[in-house]
Each structure stands twice: as structure tokens, then as C-alpha cells.
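Biologist: I'm new to this one, and I'd rather get to know a single part well than skim the lot. Please pick one stretch, take me through it slowly, and tell me what it sits beside.

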Amino acid sequence: MKRRTFLGAGLAAVLTGCGYTTRPMYPCDIQTVYVPMFTNKSFRRGLEFQLTEAVIKEIELKTPYKVVRQQNADTMLEGDIQLVRKRVLIQTPEDEPRHLEFSTAVDIKWVDLRSGDSLCAGKTDSFVVRQSSDYAPELGQSVASASQETVEKLARQIVAMMEEPW
């Protein structure tokens, strides 16, 4: 009786699934991606270069895609830095910043160049990714270290968006 119950439970688990799949994580019909220089609508200059480079490195590292020139690409991944903000979270009684936050918002578009279709999740034209990093000048951290950390987080989030939806 126990054996029959155990086999029945195993069969039910196999038939209902357990959340795992053997499908690839990324669309198989895409081989190449063109990543133009991200645009920057904020007053913090140079961030567009850092973010574009980080996204290209992340694509090459984590996906099966190759980053190529536009004329050879299947898709194009564009980014527009909308907002960069530095905010004081904690300050001393003398009004000196003790703990700050560096945050960035980027508008992302991923388009299939062969058909013109949007490849963004939910098939919208674009989506916004946001990231932030805290830093403390007293600990030797700076705006530069916080912006680099934020850029790396954004790149990971943008490339993760390129995965197939579950």
C-alpha cells in the first residue's frame, strides 16, 4: 500500500510539474545584438559610457548572443538614462553628509531588427529599470564607487530582462 501511494505521489509530481524547464533561458532565434551608445538626459556626464560598456560585457558574459555592428545584428538594445540622483540619507548635526544614496533610472528598448517588433517583456515599447547604491564618505566610499556599483547592478538587471519569460 505504501509503495502504491509513493508511486502515485511521484506520478502526480511529474504530471503537474515542479517549476523546472528544459527550455533555453534566451530566445534561440536571436544570435546577435547591436548596442548603440546609451543616451543620457541627466546632468551626470560620462555615465552613458560606463553603462554601455557594462551592458556589452554582461551580454557577452551571460548570454549566448554576440554583440555586433548594426548591419549584422538581429536585434538592437537601446538605453536612455532618464534620471541620476544623489540624496543624503543621514547627516551629522553639523549638516555634513554621513550616508548617501546614488540612484539611476534607465529607459530600455529591445527591438528585433528583422521584424521591427519589440522584444521587451509584455511586448511594450520600452521599460524602465532602476537601481541605487548607498555609500558613506567616512568609510572611504565616494560618488564614483557608488555610481560604478549602480552601473553594474543596472547592467545585470538589463541583461536579465533579455531572458525568456517563464
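Modeller: What follows is a close look at one strand and its partners, with a short look elsewhere at the end.

First, the small print. You're looking at a predicted model, where local features need pLDDT of at least 70 and side-chain atom pairs count only at pLDDT 80 or more, while totals for chains, interfaces and linings use all residues. Residues are numbered from 1 along each chain as its sequence is written, and side-chain values use heavy atoms, with hydrogens and water left out.

Now the overall layout. The protein has three helices and six strands, and along the sequence they come in the order α-β-β-α-β-β-β-β-α. Those labels are DSSP runs numbered from the N terminus: helices are H or I with at least four residues, and strands are E with at least two. Of the 166 residues in the protein, 36% are buried; buried means under 20% relative accessible area, exposed means over 50%, and partly exposed is in between (1.4 Å probe, protein chains only).

The part I'd zoom in on is strand β4, residues 75–91. Its pairing with strand β5, residues 97–112, is antiparallel and uses 15 bridges. Two strands are said to pair if DSSP finds at least two bridges between them. To find your way along this pairing, look for Leu83, whose bridge partner in β5 is Ala105, and for Ile90, which stands opposite His99 in β5. In general, side chains in a regular strand alternate between the two faces of the sheet.

What joins β4 to β5? The two form a hairpin with five residues between the strands. Asp95 lies in that loop and has a positive phi of about 65°, although it is not a glycine. With a relative accessible area of 57%, Asp95 is exposed.

Next, the partners that run the other way. Strand β1 (residues 32–34) is parallel to β4 and joined to it by two bridges, and here Val33 has Thr75 as its bridge partner. β2 is also paired with β4 in the parallel sense, again over two bridges, with Asn40 partnered by Ile81.

Just past β2 (39–40), in the loop that leads to α2, you'll find Lys41. Lys41 counts as exposed because its relative accessibility is 57%. Setting aside residues up to four places away in sequence, Lys41 touches Asp80, Ile81 and Gln82, where contact means heavy atoms within 4.5 Å. Lys41 and Gln82 are 41 residues apart along the chain, yet their C-alpha atoms are separated by 5.4 Å.

There's a comparable spot on the β5 side. Lys109 is found in strand β5, and at 36% relative accessibility it counts as partly exposed. Neighbours within four places aside, Lys109 contacts Met76, Leu77 and Glu78, and also Cys120, Asp125 and Ser126. Its C-alpha atom is 6.4 Å from that of Gly79, which is 30 residues away along the chain. Links like these fit the protein-wide figure: among contacts between residues at least 6 apart in sequence, 68% join residues at least 24 apart.

β5 also pairs with strand β6 (residues 127–135), in the antiparallel sense over nine bridges. Ala105 turns up again here, with Arg130 as its bridge partner in β6.

Finally, a glance away from the strands. Helix α2 (residues 47–62) and helix α3 (residues 143–161) pack with their axes 8 Å apart, at an angle of about 45°. Axes are lines fitted to C-alpha atoms, for helices over the stretch in contact, and angles run from 0 to 180 degrees between N-to-C directions. That makes α2 and α3 oblique to each other: under 35 degrees is roughly parallel, over 145 roughly antiparallel, 65 to 115 roughly perpendicular, and the rest oblique. Their crossing is right-handed, meaning that the near helix is turned clockwise from the far one by less than a right angle; anticlockwise would be left-handed. The residues in this contact split into 10 nonpolar, three polar and three charged. In that count Ala, Val, Leu, Ile, Met, Phe, Trp, Tyr, Cys and Pro are nonpolar, Asp, Glu, Lys and Arg are charged, and the others, Gly among them, are polar. Those involved include Leu51 and Val55 in α2, and Val151 and Ile158 in α3.
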